[in-house]
Amino acid sequence: MDKTDSGVGPCDLDIRIAPIHTLNTYGVWLVERLSLKYGVLGLLKEEPLHGYEVKNRFEAMLGGTWEVNIGQIYTTLQRLERDGLVRPVGSRGDRGKLQYELSPEGKKALNEWLSQPDSGPQQLHEEIYVKLLLATRIANGDLQPMLARQKRAYLQRLRDLNRLEDRARRDGRIDLARLVRGALLHTEADLKWMDELSSERFGAEARRTE
Amino acid sequence: MSELVRLTDVTKVYQEGITGALNDVSVTVEEGEFTAIMGPSGSGKSTMLNLIAGLDRPTSGTIAVGGTDLGKLSESGLARFRRDRIGFVFQFFYLLPNLTAVENVLIPAQLKGNAVPGRALELLDQLGIKDVADRYPARLSGGQQQRVAIARALINNPTLLLADEPTGALDTTSGEQMMDLLVQLHRDGRTILLVTHDAKLATRYATRVLSLMDGRIVDDARLESPERAPSEVIRVRSEEASQ
């Protein structure tokens with residue numbers, strides 16, 4: 001995957017804050033475009049679809065966790081057509097009704113994408129990471145109130161995710177339940193991180209480095 | 001809802017080398033609540049449960065359950081309290097190996113002088129293991145043994161059900177069945193205190209989460225259960241990406 005070279009290096013904190021954020025914005029944007037592109041290719045592999053069908057199926061596949069506007073779908077289809085990965089089926093009349101199918105190159109591109117592991121930098125696009133760095137500087141190292149609030153938010157999120165996982169299972173959406181399970185485990189790790197930051201050991205470490 | 005458990009300035013000091021001390025803990029639990037007690041090992045969560053169960057006495061402070069001040073009870077009074085009011089489920093079942101399942105369930109009832117085998121069988125039936133009532137623990141699966149332990153905890157119809165890592169020794173499926181049982185017991189009106197280190201488990205079943213760290217309650221979170229749209233819980237696409 002083509003990642004931006006943001007120039008994040010072993011420099012001091014002041015300089016690092018800005019590039020990390022830049023990397024996030026750009027990195028996530030890139031991932032979104034790639035996922036949507038291949039999401040569209042994957043759906044077209046099943047059968048030819050027109051724009052609205054792609055939008056509806058994509059959103060249904062994601063179980064309401066990613067809403068996409070129809071303009072993005074059309075832009076994506078046009079780019080895919082330009083690159084020879086999809087082609088229109090039938091005649092070009094009413095654009096809204098135009099169906100697309102996967103080309104042999106599209107199939108190849110899709111298979112290649114699926115066969116690659118996700119690599120590149122870890123995506124940390126939640127605000128807590130930057131909040132934590134700033135609070136360390138501003139609040140004289142007393143992070144406890146922030147950690148306590150964040151921990152509580154994570155507990156509530158875990159509860160919400162548990163309920164979402166249950167719902168997905170009840171609906172027979174095992175694929176979606178797996179996705180939610182991934183989010184659950186990530187949130188559990190976030191919670192452990194809060195506990196670790198709160199614990200005496202890390203408190204003592206922080207005092208030593210001052 | 002009325003108050004069922006009250007800890008006031010409870011401290012438990014152990015001799016050096018033993019972890020799990022409690023440091024000036026005050027908390028109340030309402031009747032009908034399903035509360036999870038979370039914390040790393042040695043944070044005092046099992047100690048707290050043992051003190052509420054009357055299995056141990058605090059170094060200082062008072063513990064009241066259903067209005068009874070446990071500190072005012074004699075040893076035999078405390079034993080009666082445990083027998084009549086508390087159901088306790090442990091990680092490692094603690095069934096007596098030379099008694100059958102149904103005989104294990106009946107122990108607390110016998111101590112009370114009220115051993116009715118029909119009641120024990122009824123409980124085993126409710127827990128779906130009536131057919132193994134006459135087996136010895138060695139011939140039961142982990143999940144079955146834990147059900148026997150639950151039936152034993154329920155035989156005297158306790159006010160308060162305490163569970164210390166009840167799924168810790170079970171496989172995932174048995175663990176889930178075990179927790180579904182606790183949920184059912186909670187729906188039937190029982191007050192449940194669950195000790196666990198598993199935040200996924202705690203937040204799935206309990207609506208209140210007490211966090212312990214180094215013998216202190218560092219957080220008391222009440223969780224909400226509103227119906228949320230999936231996009232309010234997870235967003236696969238990030239906010240930034242939409243710009």
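**Notes on the two-chain model**

1. Starting with the N-terminal strand of chain B: β1 (residues 3-12) and β4 (residues 60-65) of chain B run antiparallel and are joined by five bridges. One pair to look at is V5(B), whose bridge partner in β4(B) is V65(B). Bear in mind throughout that this is a predicted model.

2. β4(B) also has a partner in β5 (residues 68-69) of chain B, again antiparallel, with two bridges between them. Here A64(B) has D69(B) as its bridge partner in β5(B). The hairpin of β4(B) and β5(B) leaves two residues between the strands, and G66(B) takes a positive phi near 55° there.

3. Now the six-stranded sheet of chain B. The sheet is open, its order reads β6-β7-β8-β3-β9-β10, and the pairing is mixed. β6 (86-89) and β10 of chain B each have a single partner strand, so they stand at the edges with one side lacking a neighbour in the sheet. From one strand to the next the twist averages 15°.

4. Within that sheet, β3 (residues 34-38) of chain B pairs with β9(B) in the parallel sense, over four bridges. I37(B) is worth picking out: its bridge partner in β9(B) is L210(B). A helix covers part of this region too: α6 (residues 172-187) of chain B packs on the sheet and touches β3, β7 (160-164) and β8 (191-196) of chain B. The direction of α6(B) makes about 155° with that of β8(B).

5. Next, a helix pair in chain B. α3 (residues 101-111) and α4 (residues 117-126) of chain B pack at about 115°, their axes 9 Å apart, and the crossing is right-handed. On the α3(B) side the contact uses A101(B), V102(B), V105(B) and L106(B), while α4(B) brings P117(B), A120(B), L121(B), L123(B) and L124(B). By class that makes nine nonpolar residues, with no polar and no charged ones.

6. Which residues touch the most other members of the largest nonpolar core? They are V180(A), I37(B), I52(B), V105(B), L124(B), A151(B) and L162(B), out of 81 residues in that core. I37(B) is the β3(B)–β9(B) bridge residue from point 4, and V105(B) and L124(B) sit in the helix contact of point 5.

7. Chain A has a hand in this core as well: helix α7 (residues 174-198) of chain A gives the most to it, with eight residues. Leaving aside residues up to four places away in sequence, V180(A) touches L161(A), L164(A), E165(A), A168(A) and, across the chains, I234(B). There is also a second, separate core of 19 residues, including L41(A), F58(A), V68(A) and Y100(A).

8. On the chain–chain contact: chain A puts in 33 residues and chain B 25. In chain B, α7 (199-205), β9 (208-213), β10 (216-222) and α8 (230-233) each supply at least two residues of the side that touches chain A. α7(B) gives the most, with four. By class, this side of chain B has twelve nonpolar, nine charged and four polar residues.

9. Last, a charged residue to check. R157(A) is found in helix α6 (residues 144-170) of chain A. Is R157(A) buried or exposed? R157(A) counts as buried because 20 other C-beta atoms lie within 10 Å, and the cut-off for buried is 20 or more. As for E188(A), R157(A) is 31 residues away in sequence and 9.7 Å away in space, C-alpha to C-alpha.

Key: Residues numbered from 1 in each chain as written. Chains lettered and ligands numbered in written order. Predicted model: local features only at pLDDT ≥ 70, side-chain atom pairs only at ≥ 80, totals over all residues. Contact = placed C-beta atoms within 7 Å. Nonpolar A, V, L, I, M, F, W, Y, C, P; charged D, E, K, R; others polar. Core = buried A, V, L, I, M, F, W, Y, C linked by C-beta atoms within 7 Å. Buried ≥ 20, exposed ≤ 12 C-beta atoms within 10 Å, placed from the backbone. Pairing = 2+ DSSP bridges. Axes fitted to C-alpha atoms, helices over the stretch in contact; angles between N-to-C directions. Left-handed = near helix turned anticlockwise from the far one by under 90°.
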